[in-house]
Amino acid sequence: MIRRDIVLEGLNCANCAAKIENKVNNMEEIESASFSFATKIMSIEYYEEHGFDLILGKIKKIVNTLEPDVIVKTQNDSKKLAIHGHHHSKSECCAGHSHDHSHGHSHGEGEHGLLNKKTIKLGIGIIFFIAAFIFDRSISIQLPLFIISYFLIGGDVLLRAIRNIMRGQVFDENFLMALATVGAFAVKEYPEAVSVMLFYQIGEMFQDMAIERSRKSISSLLNIRPDYANLKTDESLVVVRPETINVGDYIVIKPGERVPLDGVVIEGESMVDTSALTGESVPRKIKTGEDILSGFVNNSGLLTVEVKKKFNESTVSRILDLVQNASSKKAPTENFITKFARYYTPAVVIGAALVAVIPPIFTGDPFSEWLYRALIFLVISCPCALVISIPLGFFGGIGGASKSGILIKGGNYLEALNQVDTIVFDKTGTLTQGVFKVSEINEENGFSKEEVLRAAAFAETHSNHPIAKSIIEEFNGKIDESVIENYEEISGHGIKANVSGSVVLAGNLKLLEREGIKATQVSKSGTIVYIDIDGRFAGSIIISDMLKDDSVKAMEALRNQGVKKLVMLTGDLDNVAKQVATELNLDEYYSELLPEDKVNVLEKIAKEKGNKGKLVFVGDGINDAPVLARADIGVAMGGLGSDAAIEAADVVLMTDEPLKLSQAISIAQKTKKIVIQNIILALGVKGIVLALGAFGVATMWEAVFADVGVALLAVLNSMRVMKVK
């Protein structure tokens, strides 16, 4: 299966975009196709034997039939990904209609030139419209003025409607608006016909501006793509595109520049801004020998970096690809609205026909009166507000989350985060720091804490075990290895060594028992190292894997968000697991598990939970891939630069903070709230105006507001989701 991205440049018609996506999905060569209205990218999946050129030709034919002015190109044809490129949009591109050639893709003129042309035409049309009212007593002068103003204001709508009918595309917004306003002329409502078209065109202009602004807002959220790299050659620095650089090349990052590729710092040190990837505002210090990731911004020093990954495999490229392609995994709400939109317009048009024909037969009212009411139905019959605003809402949520260092791989996962019932956490590195530290030193038999720690540090000097390293780090003094003699590591027990003439034992309780030493057993959680000096029990050292700073806060926040059950899995001993579970106020914990046991435990928890809500597993994404895959939503924590984490999980938290999971759920809840608001706003207003229109209360003014006005409000409302706190 091959996946390719195609850019549909200039496609600002949400209704037509849905039609294109549907037709491409019905192609026999295509396994799946999904269009993102926010990025103008269509992602297709197909089998290699069909050939991409043949498929691209067929897609171009479909697009040309529905939207002849849209340019179809592959991602490789663009110097930048579509979302970051120049938006070749135009002011008259609007939801629900095709584009007139005279106002099509005049790329040289740009958006402002087209906007000015349209504004001038509207201005002249308004002058003729006002002039018509001056001659209100002379219909022979007034009617031509109304007709001239109508063609100046709405001529492009009429032309597009005629063109679309010739291509078999009847039920689009152009045809419906043309039919409604021409119908108004037919029933001698001349001022209303012109004023409704004027209101519609002005509404469309504002709606287009809002859509373009929303695209730019999403684009700015993902504006982490580096534009260039300084390649170091024997002679000098050469500015090149990041795509052209190979693994092993050396690049220089100057202060203020964005890091273009992943690599290792071989010279220099600096403070770097990681906020674009992690959402963290505090700069991080980077020095020689450390890894540096694309997307970071170099704040101060000059850095020379050896490139370790090609651009398309780099962190920034993978993140952009994930976020931009997130729209291919649509949320259930999006899929429902797409299906709903297919039936909504024909249903309302049929309703309009029935309103125009049936009541006059039974009531004896003039046919023109009911025709006018039917025309109101036609104006409202485009589902643009829903078709535009709901995908924008989900994409805005995904974009806003990425700005906070949370990668959500699709609208389906974003929506699913609203239904989280049970969260299962891996312990080490997820809830705890995964770094062993000395938490307590107990002295016995007249020895001091310093003597106990010194004896243990000297005895453990030659060991590479994390426990030994934590003792040496805590000692933080100079260790003279010349005073250490007869070093012996006793497997499964500990260490025996001569330190400055004294025999030191450092290990577990079994070691001291073996040597016949009576020790005071410690029952606290953690790893216990018992110390004996010259046959006298000196004391014990407790080493613990410390909780992360925000673990307690995270558990409280998740409970406040409605999560019913919090569970922990660990390979640690029961007493260690029990203390962590108690400190975090968890509902359950499972200890002493082997990696393969975790899937079985997760299956058990899922069975107990039943079908209510979603089961989330949170792990490090490297050793936990099978468990991440089994959960309804797999969350990898600390995925910064980890390919395995990004591949395995549905949600990737780019930092090591459990609190980010609560933030992800908050973003999901906010997104759902805004999407529901838009559905209620669009369907509610349209439903009310349809009812009022049927009873002769609403006019075409209200109908136009129910169409373009509501769409504009819904788009603006969708953008609120990107304001991440």
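## Burial and exposed surface

Of the 725 residues in the chain, 55% are buried, in what is a predicted model. The surface that the chain exposes comes to about 31200 Å², and carbon and sulfur atoms supply 55% of that area.

The chain carries 75 positive and 89 negative charges, and the mean positions of these two sets are 6 Å apart.

## Overall form and contacts

The secondary structure of the chain consists of 22 helices and 26 strands. Its radius of gyration is 34 Å, well over the 27 Å that the globule rule gives for 725 residues, so the chain is more spread out than a compact globule. Taken along the principal axes, the box filled by the C-alpha atoms is roughly 120 × 70 × 50 Å.

Among contacts in the chain with a separation of 6 or more, 68% are made by residues 24 or more positions apart.

## Separations along the chain and in space

Val357 is found in helix H9, which covers residues 332-363, and because its relative accessibility is 46%, between the 20% and 50% limits, Val357 counts as partly exposed. Between Val357 and Asp534, which are 177 residues apart in sequence, the C-alpha to C-alpha distance is 108 Å.

Ser448 lies in the loop between strand E16 (432-443) and helix H13 (449-459), where a relative accessibility of 26% makes Ser448 partly exposed. The C-alpha atom of Ser448 is separated by 80 Å from that of Arg342, a residue 106 positions away along the chain.

Met654 is placed in the loop between strand E26 (651-653) and helix H21 (659-694); with a relative accessibility of 1%, under the 20% limit, Met654 counts as buried. Met654 and Arg4 are 650 residues apart along the chain, and their C-alpha atoms are separated by 26 Å.

## Aromatic pairs

The count of aromatic pairs in the chain comes to 13. One aromatic pair is formed by Tyr530 and Phe537, whose ring centres are 6.3 Å apart and whose planes stand at 40° to each other. This pair is classed as tilted because the angle of 40° falls between the 30 degrees below which planes count as stacked and the 60 degrees above which they count as edge-to-face. Both partners, Tyr530 and Phe537, are buried.

Ring pairs also link Phe129, Phe133, Phe146, Tyr150, Phe151, Phe185 and Tyr190 into a cluster.

## Loop residues with positive phi

Asn476 has a phi near 50°, a positive value in a residue other than glycine. Asn476 is found in the loop between helix H14 (466-475) and strand E17 (484-490), and because its relative accessibility of 68% is over 50%, Asn476 counts as exposed.

For Ser500, too, phi is near 50°, and this residue is likewise other than glycine. The loop that holds Ser500 runs between strand E18 (494-499) and strand E19 (502-507). At 47% relative accessibility, Ser500 counts as partly exposed, because exposed requires a value over 50%.

Notes:
Residues are numbered from 1 along each chain as its sequence is written. This is a predicted model: local features need pLDDT of at least 70, side-chain atom pairs count only at pLDDT 80 or more; totals for chains, interfaces and linings use all residues. Side-chain values use heavy atoms; hydrogens and water are left out. Helices (H or I, at least four residues) and strands (E, at least two) are DSSP runs, numbered from the N terminus. The radius of gyration is taken over C-alpha atoms; the globule rule is 2.2 Å times the number of residues to the power 0.38. Buried means under 20% relative accessible area, exposed over 50%, partly exposed in between (1.4 Å probe, protein chains only). Contact means heavy atoms within 4.5 Å. Accessible areas come from the Shrake-Rupley method with a 1.4 Å probe; for residues, only the protein chains shown count as cover. Lys and Arg count as positive and Asp and Glu as negative; His and the chain ends are not counted. The place of a charge is taken as NZ of Lys, CZ of Arg, CG of Asp or CD of Glu. Rings of Phe, Tyr and Trp (its six-membered ring) pair if their centres lie within 6.5 Å; planes under 30 degrees apart count as stacked, over 60 as edge-to-face and the rest as tilted.
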